Amino acid sequence: MIRRISILLVVCIGLYAKTSAQKKTISQRVDSLLRLMTLEEKVGQLNQYSGRQVTGPVSQVKTNLLNDIKNGWVGSMLNVKGVKDTREIQEAALQSRLKIPLLFSLDVIHGYKTVFPIPLAEAASWDLEAMQQTAHIAAKEAAAAGIHWTFAPMVDVARDPRWGRVMEGAGEDTYLGSLIAAARVKGFQGKQLGNTDAIMACAKHFAAYGASMAGRDYNAVDLSDQALWETYLPPFKSAVDAGVATFMNSFNTLNGIPATGNAYLQRDILKGKWNYQGFVVSDWGSIGEMIPWGYAKDDADAAQKAMQAGSDMDMESRAYKGHLVKLVKEGKVAEALVDDAVRRILYKKFEMGLFDNPFKFSDYKREAKVLNDPKHKTVAREAGRKSIVLLKNEAELLPFTKSKSKIALIGPLVKAKRDLNGSWTVNADTNQIVSLYEGMKNKFGKKTELLYAQGAEVEGESRAGFDEAVKIANQSDVVVMALGETWDMSGEAKSKTNIHITGQQEALFKAVKATGKPVVVVLMAGRPLIFNEIVAKADAILYAWWLGDEAGNAIADVLSGDYNPSGKLPITFPRSEGQIPLSYNYYNTGRPIKDPENIIYKSAYIDSPNSPMYAFGYGLSYTSFNYSDITLSADKLNASDSVAVSFKLTNSGKYAGEEVVQLYIKDEVASVVRPMKELKDFKKVFLKAGESKTLNFTVSKEKLSFYNSKLEWVAEPGDFEIMIGTASDNIKFSKKITLQ
Ligand code: BGC
């Protein structure tokens with residue numbers, strides 16, 4: 001045994017020595033290169049150009065851009081993809097004096113060729129391994145097409161569904177969001193940067209973009225230090241700990257200072273306190289946007305402020321290109337700051353292996369093979385079905401166990417394809433998307449007749465299709481309706497004041513429901529929508545978000561019962577826009593509602609309950625789970641102890657299935673008022689019908705800690721409530737423990 005441990009130790013020391021030697025070599029190589037560089041060449045590395053006009057037919061713009069690249073004025077390109085184009089442009093970069101290769105970057109958000117569910121949908125799976133896997137496949141495909149770097153994951157905590165970008169993140173919770181941030185970073189970056197199945201990840205948007213005022217994109221953010229540290233920063237820290245190669249700053253201000261020019265965020269926190277060694281890219285044009293914000297008087301001023309604040313690379317403002325050399329020569333910006341930024345960028349180019357082989361990721365054979373790997377489709381289908389949330393299932397209408405002779409498929413999204421991929425696709429092929437109609441044909445087509453009527457458009461006032469829809473509903477045993485949003489209704493620059501389901505869709509539902517036939521509504525959208533009539537009257541509701549290429553097959557798997565839904569909402573669904581922002585971890589206030597019949601002078605609305613339509617963590621299954629036999633190893637703990645919480649989970653229903661068991665805590669009395677619940681742990685557990693398992697959680701001081709008013713991370717002695725539940729509003733056990 002001792003011998004085995006010694007061998008292991010020797011191997012570990014060997015590996016450590018090897019990696020630190022490699023690192024040293026990279027640092028030395030970076031320093032030697034930096035010594036050869038003119039100031040102009042250094043600034044050149046800090047510029048990122050979009051490639052939309054560089055690829056394609058010859059034009060003056062293309063010639064000018066290629067000349068800039070040949071002259072060493074560009075460090076990175078975005079929006080160039082594919083082996084052919086990346087090769088052509090890299091060849092231009094290699095004509096520069098120092099032959100420094102370019103970094104090719106792209107928004108590979110939820111897939112490159114194979115499109116997986118949108119990030120918010122995947123978050124509903126609470127399945128970290130699955131999310132790591134889809135990110136890894138996305139990286140593998142992108143890397144095979146010449147890409148070195150993705151602008152993902154977006155790790156902004158987002159609690160306002162008016163903000164269209166909720167679709168790109170992991171939802172409202174800091175704890176879940178932090179774990180997902182790490183999983184996605186690991187997925188994109190694989191085992192090691194430099195491998196040809198890995199690309200650099202980018203934690204964005206630093207910071208607090210998700211708190212944009214009133215859910216309006218590109219807006220100001222005003223946050224307390226508590227909220228910043230406790231809610232918005234942890235997913236970024238988690239990405240740092242997972243080794244994320246780059247950061248992107250953001251369009252918003254934070255307490256009056258644009259994030260792009262914010263030294264507190266980028267220098268003090270990120271590069272200082274967190275000792276982050278990667279580099280920071282600005283968001284698109286965000287250096288220049290400091291002018292309309294009223295924070296910089298012109299491009300030169302903006303360049304100076306951004307560089308001083310720690311923005312290393314300028315995405316498309318061209319402010320560094322135009323002014324940084326002069327600013328350094330005039331002594332307004334220290335050359336050491338430029339050197340530091342260049343060092344960080346060159347380090348990544350070395351780490352990616354681009355100096356050894358600038359075409360490492362641009363290999364025609366690999367591109368053809370990896371982009372056509374059929375296994376990726378299988379993973380997309382699995383990810384799709386895991387992301388679906390069953391919101392309602394009256395009288396166990398689902399799954400369709402008994403064969404139906406006729407199913408009516410009604411709604412504007414039944415045959416939709418492009419919409420199912422959402423707004424962030426970069427290389428997708430609409431032909432490869434499986435619509436709900438096709439998925440239903442694949443699953444039920446042999447035994448069941450499928451009738452179809454569009455009924456209405458997603459937007460617009462026409463009811464001309466209602467009669468046909470009602471007619472086929474009357475002819476069928478059951479109706480499946482596909483309603484929701486088109487791909488361009490959620491995403492960047494898609495903020496809305498009204499998130500009710502649009503057009504005549506709810507009216508169409510009412511007309512179809514009036515036939516008396518059982519109706520399953522499948523909602524496809526990039527954000528939580530409001531659909532109160534459907535909630536009240538549908539027999540079953542599936543929230544299917546935008547599930548990507550395999551959406552139709554994934555939904556059919558759930559309708560048929562081949563997959564038992566296990567998704568849980570990663571974001572609260574409000575009853576009305578007036579409740580927003582609304583999240584599960586609210587405060588009790590000094591005037592909580594005790595009796596819903598008596599709300600006068602309570603912290604209440606006189607026209608709506610405070611509660612959401614569907615709470616964070618909510619989602620049904622075809623089976624039922626029974627929670628019993630909770631035990632705590634102690635009801636008191638010291639700072640160095642922990643309490644073990646165990647209980648029995650039994651699948652008490654008819655189907656095998658997965659449950660996401662959630663652990664919440666509440667600090668009863670603290671020096672800073674604490675939320676009513678905070679998610680601190682969870683487990684996703686598979687149980688066969690009738691099977692039981694004992695589950696264990698550990699509650700330590702760390703889980704009881706928070707930022708006090710001096711921003712110290714502390715756990716204060718006193719009582720805490722430990723809650724175990726199946727949703728944030730469905731707690732099965734609640735126990736008190738005391739920290740001594
Ligand atoms: C978005 C970023 C994105 C960038 C590059 C910006 O408008 O905010 O998230 O990565 O464009 O496409």
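Start by selecting strand 14 and strand 15 (residues 519–524): the two pair in the parallel sense over six bridges. This is a predicted model, so take the tour as a walk through a prediction.

**Stop 1: across the pair.** Pick out Met481 and look to the neighbouring strand; Val521 in strand 15 stands opposite Met481. Now add helix 19 (residues 505–513) to the selection. Together with strand 14 and strand 15, helix 19 makes a right-handed β-α-β unit.

**Stop 2: the other partner.** Select strand 12 (residues 406–410) next. Strand 12 runs parallel to strand 14, and four bridges join them. To find your place here, show Ala408, which stands opposite Val479 in strand 14.

**Stop 3: strand 14 itself.** Are the two faces of strand 14 covered or open? Colour Val478, Val480, Ala482 and Gly484 for one side, then Val479, Met481 and Leu483 for the other: both sides are covered, and these residues are all buried. For the strand as a whole (residues 478–484), that is seven of seven residues buried.

**Stop 4: strand 5.** Move to residues 202–206. Five of the five residues of this strand are buried, so strand 5 is largely enclosed by the rest of the structure. Add residues 246–249, which form strand 6; the two strands run parallel and are joined by three bridges. Cys202 is a handy marker, with Thr246 of strand 6 opposite.

**Stop 5: the ligand.** Which residues surround the ligand? Show Leu78, Asp107, Phe151, Arg165, Lys204, His205, Met248, Phe251, Asp283, Trp284, Met315 and Glu492 as sticks. Coloured by type, this shell divides into six nonpolar residues, one polar and five charged.

Now zoom in on the oxygen atoms of the ligand and look at three side chains:

- Asp107: an N or O atom of the side chain is 2.5 Å from an oxygen atom of the ligand.
- His205: a side-chain N or O atom lies 2.7 Å from an oxygen atom of the ligand.
- Glu492: here too an oxygen atom of the ligand is 2.7 Å from an N or O atom in the side chain.

How much of the ligand does the protein cover? On its own the ligand has 310 Å² of accessible area, and the protein covers 93% of that. Switch on a surface for the protein to see this cover for yourself.

How values were computed. Residues are numbered from 1 along each chain as its sequence is written. This is a predicted model: local features need pLDDT of at least 70, side-chain atom pairs count only at pLDDT 80 or more; totals for chains, interfaces and linings use all residues. Side-chain values use heavy atoms; hydrogens and water are left out. Buried means under 20% relative accessible area, exposed over 50%, partly exposed in between (1.4 Å probe, protein chains only). Two strands pair if DSSP finds at least two bridges between them. A crossover is right-handed if, with the strands pointing away from the viewer, the path from the first strand over the helix to the second runs clockwise. A residue is near a molecule or strand if one of its heavy atoms lies within 4 Å of it. A polar contact is a pair of N or O atoms within 3.5 Å; within protein, one must be able to donate a hydrogen and the other to accept it, and residues adjacent in sequence count only if both atoms are side-chain atoms. Accessible areas come from the Shrake-Rupley method with a 1.4 Å probe; for residues, only the protein chains shown count as cover. Ala, Val, Leu, Ile, Met, Phe, Trp, Tyr, Cys and Pro count as nonpolar, Asp, Glu, Lys and Arg as charged, and the others, Gly among them, as polar.
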